[in-house]
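Subject: Handover of a structure, with notes on what was found

Dear colleague,

I am passing on the structure below, together with an account of what came out of going through it. Please read the notes with the coordinates open beside them.

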Amino acid sequence: MLAGKRILLIIGGGIAAFKSLDLIRRLRDQGATVTPVLTKAAEEFVTPLSVSALAAEKVYRDLFDLTDEAEMGHIELSRAADLVVVAPATADLMAKMAGGHANDLASTLLMATDKRVLIAPSMNVRMWEHPATQRNLATLTGDGVLVVGPDEGAMACGEFGPGRMAEVPQIIDAVGAALADGPLKGRHVIVTSGPTHEPIDPVRYIANRSSGAQGTALARALAGLGAHVTFVTGPADMPPPAGVKVVRVQTARQMLEAVQGALPADAAVFAAAVADWRVANAADSKMKKTKTGLPVLEFAENPDILATVSQMETGRPGLVVGFAAETDDVIAHATAKRDRKGCDWIVANDVSPETGIMGGSENAVTLISDAGADSWPRMGKDQVANRIAQLIAEALA
Ligand code: C5P
């Protein structure tokens, strides 16, 4: 899968550095060449000798190593790779990247590279959740840096939460997606996913049962075919896929703004379960129980993101795909929805409770396009996603 690919692997100084030894082996198993770079702190966790032995390559450690500069300067080192991977990406490395520092070999390579950069963050949960790290993460994703993980779980320091470095197979998948030379290479696809949360007051909201499973699978499948994916997601149950640009939103209006901000795109797939209404009289402070009566919520209609984008007069994506979750007369309702909204394709599915589709791992869909209605057999959401992604690739070819 990675045959002939050259990976520049920057190993940061964190306890997860031991996983990077396995990462080197697995990348090489897949046919990649790995050029390892160790930060000073990383040398406290893994030795240059073991890294070099596993990579069967020289380990680069020092910016001012004249031998290295004579052999291969830092600019060339950073550009000879097909992809730069930072694993583990510590809080400090992320801060350096976000701030544009270039004061050691790793940070200088990251500033000098013209290749995509994939980071696998790893740190204590409090460090991960610290506003500074979250700010840096937002800056980095905005700069186009790809992120895999972190996972949630028990940490070496005895705490529990998000911050564990993604497991090696997950990182390998993300590397594959980042390097994918698929039919969608060079194409930009926007995917919306998950539910939206519409506030009632600062602590309460209205939501729906969307898990984000189908949207996540679609984004993964599209990235797997080489697309540059902007994944605009409401608060979903599952982590976003690796190798996509993630934009997190809460409300329908924020989702529309994020989609508009991500344009232009070659295709847009609207898999989010957007709330049709928001609370028009949402309170600015927490509503209190009173003896004078129950609150009365008033609703206002949310913008229809799919319809808005489908009906753009200039800059409309070449292919706009909507979803239609119906409980009866699926094909007739979905066909009418396609006409009303103006999208090119509608992926219709029956979400009656007895189907078990909503929140489940399978889906039975009918694709409605100019060519008519094509009903697919029931299959996994991943398979549905792969098939849709394949059709999108053919439509854009
Ligand atoms: O009208 P309905 O909600 O059934 O349409 C479903 C399709 O429209 C989905 O593709 C959904 O993502 C999209 N949609 C939207 N904005 C809304 C409502 C639905 O993009 N406000």
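At 51% relative accessibility, Phe18 counts as exposed, because the cut-off for that class is over 50%. Please keep in mind throughout that this is a predicted model. Phe18 belongs to helix α1, which covers residues 17-29, and together with Ile15 and Phe45 the residue makes up a nonpolar patch on the surface, the three having about 320 Å² of accessible area together.

Helix α1 also holds a salt bridge, in which the side chains of Asp29 and Arg26 meet at 3.0 Å, N to O. The two residues are 3 apart in the helix, so about one helical turn separates them. Asp29 is exposed, at 57% relative accessibility, whereas Arg26, with a relative accessible area of 33%, is partly exposed.

The search of the whole structure finds 18 salt bridges, and two further cases seem worth setting out.

- Glu167 forms a salt bridge with Arg164, with the closest N and O atoms 3.3 Å apart, and both residues belong to a network of salt bridges that also links Lys19. Glu167 counts as partly exposed at 32% relative accessibility, and Arg164 is likewise partly exposed, with a relative accessible area of 30%.
- Lys341 and Asp304 meet through their side chains in a salt bridge of 2.6 Å, N to O. This pair links distant parts of the chain, 37 residues apart, since Lys341 is in helix α13 (residues 330-341) while Asp304 is in the loop between β15 (299-301) and α12 (305-310). Lys341 has a relative accessible area of 17% and is therefore buried, the limit being under 20%, whereas Asp304, at 31%, is partly exposed.

Turning to the interior, what does the largest nonpolar core consist of? There are 35 residues in this core, and those that touch the most other members are Val191, Leu222, Val229, Val269, Ile388 and Ile392. Two or more residues are given to the core by each of the helices α10 (213-224) and α14 (381-396), and by each of the strands β8 (188-193), β11 (228-233), β13 (267-270), β16 (319-326), β17 (345-350) and β19 (365-369). The largest share, 7 residues, comes from α14.

As for the aromatic rings, a search of the whole structure finds 0 aromatic pairs. There are, however, contacts between a charge and a ring: the charged end of Arg387 sits over the ring of Trp376, 4.4 Å from its centre, and the charged end of Lys58 sits over the ring of Tyr60, at 5.6 Å from the centre of that ring.

The backbone has some features that you may want to inspect before using the model. Most residues other than glycine have a negative phi, and most peptide bonds are trans. Against that background, a cis peptide bond joins Ala87 and Pro88, with omega at about -5°, and Pro88 lies in strand β3, residues 83-89. Another cis peptide bond joins Gly149 and Pro150, where omega is about 0°, and Pro150 is found in the loop between β5 (146-147) and β6 (151-154).

Which residues other than glycine have a positive phi? Among them are Ala56, with phi near 55°, and Asp329, with phi near 45°. Ala56 is found in the loop between α2 and α3 and is exposed, with a relative accessible area of 52%. Asp329 is found in the loop between β16 and α13 and is exposed too, with a relative accessible area of 54%.

Finally, here are some separations that may help with orientation. Asp62, which lies in the loop between α2 (48-55) and α3 (66-71), is partly exposed at 35% relative accessibility; Asp62 and Leu218 are 156 residues apart in sequence, and their C-alpha atoms are 42 Å apart in space. Phe160, in strand β7 (residues 160-164), counts as exposed at 60% relative accessibility, and the C-alpha atoms of Phe160 and Ala282, which are 122 residues apart along the chain, are separated by 35 Å.

With best regards

Methods
Residues numbered from 1 in each chain as written. Predicted model: local features only at pLDDT ≥ 70, side-chain atom pairs only at ≥ 80, totals over all residues. Heavy atoms only, no water. Patch = residues over 30% accessible without salt bridge, like charges linked within 9 Å, V, L, I, M, F, W, Y side chains within 5 Å. Areas by Shrake-Rupley, 256 points an atom, 1.4 Å probe, with all protein chains shown as cover. Salt bridge = Lys/Arg side-chain N within 4 Å of Asp/Glu carboxyl O. Helix = DSSP H or I, 4+ residues; strand = E, 2+ residues; numbered from the N terminus. Buried < 20%, exposed > 50% of the residue type's maximum accessible area, 1.4 Å probe, protein only. Phe/Tyr/Trp six-rings, centres within 6.5 Å; stacked < 30°, edge-to-face > 60°. Lys NZ or Arg CZ within 6 Å of the ring centre and 35° of its normal. Core = buried A, V, L, I, M, F, W, Y, C linked by side-chain atoms within 4.5 Å.
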